[in-house]
Amino acid sequence: MALIEARLGKPLTVPDIAAAAGASHNHLTRLFRAATGETVVGCIRARRMERARHFLQATTLSVPAVAASVGIPDLQAFNKACRRALGAFPRSIRAARPGSPTSPAR
């Protein structure tokens, strides 16, 4: 998990993680699912989207900069991933942040 967190903004593959952990791809996959209940790829995707949500709501980084900082440099892929994982496009997530001039009144 520490390796995933440390390299979240860079290309990350299961074989890379397995090699760093000193395990085979299949063994790591089995151990990871047993320990966390999810796949390695699913965990990476979820962490990237959690970090993207944080950056969109807590910073003024541009959407392309946020995408690159979470390891998804293709803006179209980032938009699609946000929509699928977070339920909204990046600009909508940013607009809905607390204190935003366009956020709904509470």
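**Exercise 1. Place R51 in this predicted model: which helix holds R51, and is R51 buried or exposed, or something in between?**

Start with the secondary structure: R51 sits in helix α4. Next, look up the relative accessible area, which is 22% for R51. Buried means under 20% and exposed means over 50%, so R51 counts as partly exposed. Then check who touches it. Setting aside neighbours within four places in sequence, R51 is in contact with E5, L8 and V70. Finally, try a distance: R51 and V66 are 15 residues apart in sequence, and their C-alpha atoms are 8.9 Å apart.

**Exercise 2. Work out whether α4 has the length expected of it, and list which of its residues are buried.**

Count first: α4 has 19 residues. At 1.5 Å a residue you'd expect 27 Å, and the first-to-last C-alpha distance of 27 Å is close to that. Now for burial. The buried residues in α4 are V40, G42, C43, I44, R47, R48, M49, A52, F55 and L56. What do they pack against? Their partners are α1 (2-6), α2, α3, α5, α6 and α7 (90-95).

**Exercise 3. Describe how α4 and α6 meet.**

Take the geometry first: the two axes come within 10 Å and cross at roughly 100°. Angles of 65 to 115 degrees count as roughly perpendicular, so that is the label for α4 and α6. Now the residues: M49, A52 and R53 from α4 meet F78, A81, C82, A85 and L86 from α6. Sort the residues of this contact by type and you get seven nonpolar, no polar and one charged.

**Exercise 4. Find the largest nonpolar core and follow F78 through it.**

This core has 15 residues, and the members that touch the most others are M49, A52, V66, V70, I72 and F78. Which helices feed it? At least two residues each come from α4 (40-58), α5 (63-69) and α6 (75-86). Now zoom in on F78. Leaving out neighbours within four places in sequence, F78 is in contact with M49, A52, V63, V66, A67, V70, I72 and P90. Another core of eleven residues lies apart from the largest one, with L12, L28, F32 and C43 among its members. As background, nonpolar side chains tend to be buried together in soluble globular proteins.

**Exercise 5. Repeat the helix-pair analysis for α2 and α3, then check the length of α3.**

Helix α2 (residues 14-21) packs on α3 with the axes 9 Å apart, at an angle of about 90°. That makes the pair roughly perpendicular. On the α2 side you find V14, P15, I17 and A18, and these meet H25, L28 and T29 of α3. By type, this contact splits into five nonpolar, two polar and no charged residues. For the length, α3 (residues 25-36) has twelve residues, which should span 16 Å at 1.5 Å a residue. Its end C-alpha atoms are 16 Å apart, so the check works out. Just after α3 comes G37, with a positive phi near 85°.

**Exercise 6. Sum up the whole chain: how many helices and strands are there, and how much is buried?**

The tally is seven helices and zero strands. Of the 106 residues, 33% are buried. The C-alpha atoms fill a box of roughly 50 × 25 × 20 Å along the principal axes. Lastly, take the contacts between residues at least 6 apart in sequence: 47% of them join residues at least 24 apart.

Note on methods
Residues numbered from 1 in each chain as written. Predicted model: local features only at pLDDT ≥ 70, side-chain atom pairs only at ≥ 80, totals over all residues. Heavy atoms only, no water. Core = buried A, V, L, I, M, F, W, Y, C linked by side-chain atoms within 4.5 Å. Buried < 20%, exposed > 50% of the residue type's maximum accessible area, 1.4 Å probe, protein only. Helix = DSSP H or I, 4+ residues; strand = E, 2+ residues; numbered from the N terminus. Contact = heavy atoms within 4.5 Å. Axes fitted to C-alpha atoms, helices over the stretch in contact; angles between N-to-C directions. Parallel < 35°, antiparallel > 145°, perpendicular 65-115°, else oblique. Nonpolar A, V, L, I, M, F, W, Y, C, P; charged D, E, K, R; others polar. Expected span 1.5 Å × (residues − 1).
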